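Please look over the sequence and the three-dimensional structure shown below before starting the exercises. Each exercise sets a task and then works through a solution.

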Amino acid sequence: MSIVIVDYHKGNLLSVERGLVGAGADVVVTDKADVIRAADAVVLPGVGAFADAAASMDEMGQMEAVRAAVAGGAPFLGICLGMHLMFEAGTEHAPVDGPLPRGLGFIEGVVDAMPRTDAAGRAYKVPHVGWNSVEFSEPNSLFDGTAPGEFFYFTHSFVAPPSAATIAETVHSVTFPCAVQVPGRPVFGVQFHPEKSSDAGARLLANFATIARAARADSAHADKVAENPVASKE
């Protein structure tokens with residue numbers, strides 16, 4: 001079982017690769033659409049702006065390749081911008097006159113700029129850079145071994161909209177989703193950078209590797225049953 005990190009030519013992926021290798025995963029870094037499409041699991045890291053990343057991925061055939069991999073059951077983890085790209089569209093670097101750049105469309109909604117003031121008019125620094133707490137009320141396998149209120153490292157100026165996919169939240173000028181999961185599927189996104197988040201981030205990456213291994217084992221078992229349904233009933 002290997003985890004494919006999508007390289008869309010917008011930044012250094014070494015820290016994400018090291019984090020997953022440290023979690024015990026076999027990792028392949030690639031920009032090749034055919035490799036992404038056949039992946040056991042996919043990680044889409046977060047570097048750059050929504051419009052630029054979406055355009056690069058479209059040009060290289062990566063958008064459709066990621067959609068195909070996820071449709072085939074591959075677990076997915078989007079990190080920072082990678083989480084933004086899970087949504088339908090984003091306003092970051094969008095053209096003034098024209099349609100919004102389109103994302104993967106796994107989750108409904110548009111990613112927009114983080115407000116610079118809260119509801120009471122208090123000013124906040126944007127970009128939001130540094131450690132902040134992650135709050136959640138329901139258990140989730142991505143956060144196994146992590147208590148609500150744990151701190152992770154953030155650096156971003158745009159936020160995803162609340163939705164049924166929200167599994168954790170953070171507050172900075174507004175309360176915003178900092179982790180999402182497509183309901184009922186191993187398709188996750190995190191706004192923070194686990195690869196920069198010390199032990200808590202390493203634990204989250206290890207949890208995703210565990211999720212990916214379990215999905216691969218389930219897929220292999222299903223394939224075996226399909227090949228020999230009589231033997232599987234004995």
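The exercises that follow go from the cores to the strands, the helices and some backbone details.

This is a predicted model, in which local features need pLDDT of at least 70 and side-chain atom pairs count only at pLDDT 80 or more, while totals for chains, interfaces and linings use all residues. Residues are numbered from 1 along each chain as its sequence is written, and side-chain values use heavy atoms, with hydrogens and water left out.

**Exercise 1. The nonpolar cores**

Task: Find which residues touch the most other members of the largest nonpolar core, and which helix gives the largest share of this core.

Solution: Begin with the terms: a nonpolar core is a set of buried Ala, Val, Leu, Ile, Met, Phe, Trp, Tyr and Cys residues joined through side-chain atoms within 4.5 Å, where buried means under 20% relative accessible area, exposed over 50% and partly exposed in between, for a 1.4 Å probe and protein chains only. The largest core has 37 residues, and those touching the most other members are Ile3, Leu20, Val43, Leu77, Val134, Phe143 and Phe192. Its largest share, seven residues, is supplied by helix 6 (residues 198–227); helices (H or I, at least four residues) and strands (E, at least two) are DSSP runs, numbered from the N terminus. Apart from this core lies another one, of 34 residues, including Ala33, Val42, Leu85 and Phe158.

As a next step, take Leu77, and count as a contact any heavy atoms within 4.5 Å. Leaving aside residues up to four places away in sequence, Leu77 touches Val42, Val43, Leu44, Phe188, Gly189, Val190, Leu204, Leu205 and Phe208.

**Exercise 2. Strand 3 and its partners**

Task: Decide whether the residues on the two faces of strand 3 are buried or exposed, and establish which residue stands opposite Ile3.

Solution: In a regular strand the side chains alternate between the two faces of the sheet. In strand 3 (residues 41–44), Ala41 and Val43 lie on one side and Val42 and Leu44 on the other, and all of them are buried, which leaves both faces covered.

Now turn to the pairing, which is assigned if DSSP finds at least two bridges between two strands. Strand 1 (residues 2–6) pairs with strand 3 in the parallel sense over three bridges, and here Ile3 stands opposite Ala41. Strand 4 (residues 76–79) also pairs with strand 3 in the parallel sense, over three bridges, with Phe76 opposite Val42.

**Exercise 3. Helix 3 against helix 4**

Task: Describe how helix 3 and helix 4 pack, giving the angle and the distance between their axes.

Solution: The axes are lines fitted to C-alpha atoms, for helices over the stretch in contact, and angles run from 0 to 180 degrees between N-to-C directions. Helix 3 (residues 50–59) and helix 4 (residues 62–71) pack at an angle of about 80°, with their axes 5 Å apart. Helix 3 and helix 4 are therefore roughly perpendicular to each other, given that 65 to 115 degrees counts as roughly perpendicular, under 35 as roughly parallel, over 145 as roughly antiparallel and the rest as oblique.

The next step is to name the residues that meet: Ala54, Met57 and Asp58 come from helix 3, and Gln62, Met63 and Val66 from helix 4. Within helix 3, Phe50, Ala51, Ala53, Ala54, Ser56 and Met57 are buried, and what covers these buried residues includes strand 3, helix 4, helix 5 (81–84) and strand 5.

**Exercise 4. Backbone details**

Task: Locate Ser173 and His93, determine whether each is buried or exposed, and state which peptide bond ending at Pro127 is cis.

Solution: Most residues other than glycine have a negative phi, and most peptide bonds are trans. Strand 10 (residues 166–172) and strand 11 run antiparallel and are joined by six bridges, and Ser173, in the loop between them, has a positive phi near 70°. Ser173 is buried, with a relative accessible area of 7%. His93, in the loop between strand 5 and strand 6, has a positive phi near 60°, but His93 is exposed, with a relative accessible area of 55%.

Finally, the peptide bond from Val126 to Pro127 is cis, with omega near 15°, and Pro127 is found in the loop between strand 6 and strand 7 (128–134).
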